[in-house]
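Me: I would like a close look at a single part of this protein, explained slowly enough for someone in a first year of study. Please show me the structure before you begin.

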Amino acid sequence: MTMAFDPKLFEPSPEPEIPPGIDVEAEIERLRRTRNAVILAHYYQAPEIQDIADFVGDSLDLSRKAAATDAEVIAFCGVRFMAEVAKILSPDKTVVLPDARAGCSLEASCPPDEFARFRRAHPDHLAITYINCSAAVKAESDIIVTSSNAEHIIRQIPADQPILFAPDRHLGAYLARRTGREMLLWPGVCIVHERFSEREIVKLKAKYPDAPVAAHPECPESILTLADHVGSTSSILRFAAETPAKTIIVATEPHIIHQMRKVRPDKTFIGAPGADGNCNCNMCPFMAMNSMEKLYVALRDLKPRIEVPEDVRVRAVQPLERMLEMSPKGAPATDLSMIGEHRETVSADSPVG
Ligand code: 13P
Ligand code: SF4
């Protein structure tokens, strides 16, 4: 099934006009200090944004950082639902997103009123909802999960408790196969992970027979069947770093390869292509809306600001806190300090909590 999305969803905000003579990178550094700001970035951000961030991580790690920080401003370089989670968990902080239009096809696949109707039609079902959704959908949910903790959390739910899972049908189907549980699935999709081509991955496997395939569980089953490792972005990064293989085929958004090269410069990482063999369609158009210039302006003007209505926030924080309580304990999934030459960008005097 291919979903139709409003083309407006893919329109970024215009690039800001930067006064001549401004050194954007130096200004970001200065503003980070004067604003007491922390810059959080997802692995799908452009390399220069990952490199200037205080912390780079997956959705779960970034939520934990946002909840624990004592910075006054969180500059969230990711997409809107991630910045909203930061605001829900840290309501007293100012949260800015460099491009307020940076959405997500999974969020757009699940309008809150339709989801609320779906819930009401299945009152006996527990609503386990992927973090890739709006604050309003979170407010209608029982437990939020990310791809790092979803299986661990679902295994804690009594076997006789019916579950509905939204909005990613591929992640939901993967979790159903892993846990052996039937779940009612909402038909949402990630347009990025849906575009990987089975035929092209088979061709790559033939060309590089020793290269394992690492895939994100937002991919369809036909791709996951070809994968040697399935996991969240941090789990894929860890696998890429730790596997003895020297070449790895990566079936997730290719900007993560920037971190892989930093951690293991001795290895070769091949981004899995889309159907035409070399398109850029596996890049997330929403993550790409952020830029260094927009980050600078966001820190300078403290805009665009993410706000969540208080009545929505108080309902959305509960399933998020449940997620944090039910997540595996221990080191953050992205603690790569023991691997290779990973450079943790959080310094001793950083405002990151
Ligand atoms: P992770 O939580 O694995 O980083 O995934 C977020 C995401 O949007 C994947 O498309
Ligand atoms: Fe959303 Fe897919 Fe982009 Fe992740 S990669 S932010 S799920 S559209």
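What follows is a request about one helix and a connected answer to it.

Me: Which residues of helix H1 are buried, which are exposed, and what do the buried ones pack against?

Reply: It should be said at the outset that this is a predicted model, and it helps to begin with the whole protein before turning to the helix. The protein contains 15 helices and 12 strands. Its radius of gyration is 20 Å, close to the 20 Å that the globule rule gives for 353 residues, so the protein is as compact as a globular protein of that length. The C-alpha trace spans about 55 × 50 × 40 Å along its principal axes, and 48% of the 353 residues count as buried. If we take the contacts between residues at least 6 apart in sequence, 68% of them join residues at least 24 apart.

Within this setting, helix H1 covers residues 24–34, and its buried residues are Ile 28, Leu 31 and Arg 32. When one looks down the axis of H1, these buried residues fall within an arc of 105 degrees, and therefore they line one face of the helix. On the other side of H1 we find Ala 26, Arg 33 and Thr 34, which are exposed. As for the partners, the buried residues of H1 pack against strand E1, which runs over 37–42, against helix H2, at 47–52, and against helix H14, at 292–301. Just after H1 comes Asn 36, whose phi is positive, at about 50 degrees.

The domain assignment of the protein helps to place these elements, since it gives domain 1 as 7–103 + 286–312 and domain 2 as 193–271. The C-alpha centres of domain 1 and domain 2 lie 27 Å apart, and the contact takes 11 residues from domain 1 and 8 residues from domain 2. Helix H2, which we have already met as a packing partner of the buried residues of H1, appears again here, for H2 and strand E2 (55–57) each supply at least two residues of the side of domain 1 that touches domain 2. Sorted by class, that side of domain 1 has 6 nonpolar, 3 polar and 2 charged residues.

To return to the helix itself, H1 has Ile 28, Leu 31 and Arg 32 buried, with Ala 26, Arg 33 and Thr 34 exposed on the other side.

Definitions and conventions. Residues are numbered from 1 along each chain as its sequence is written. Chains are lettered from A and ligands numbered from 1 in the order in which they are written. This is a predicted model: local features need pLDDT of at least 70, side-chain atom pairs count only at pLDDT 80 or more; totals for chains, interfaces and linings use all residues. A residue is buried if 20 or more other C-beta atoms lie within 10 Å of its own, exposed if 12 or fewer, and partly exposed in between; C-beta atoms are placed from the backbone. Helices (H or I, at least four residues) and strands (E, at least two) are DSSP runs, numbered from the N terminus. The arc is that of the directions from the helix axis to the C-beta atoms. Two residues are in contact if their C-beta atoms, placed from the backbone, lie within 7 Å. The radius of gyration is taken over C-alpha atoms; the globule rule is 2.2 Å times the number of residues to the power 0.38. Domain bounds come from an automatic or database domain assignment. Ala, Val, Leu, Ile, Met, Phe, Trp, Tyr, Cys and Pro count as nonpolar, Asp, Glu, Lys and Arg as charged, and the others, Gly among them, as polar.
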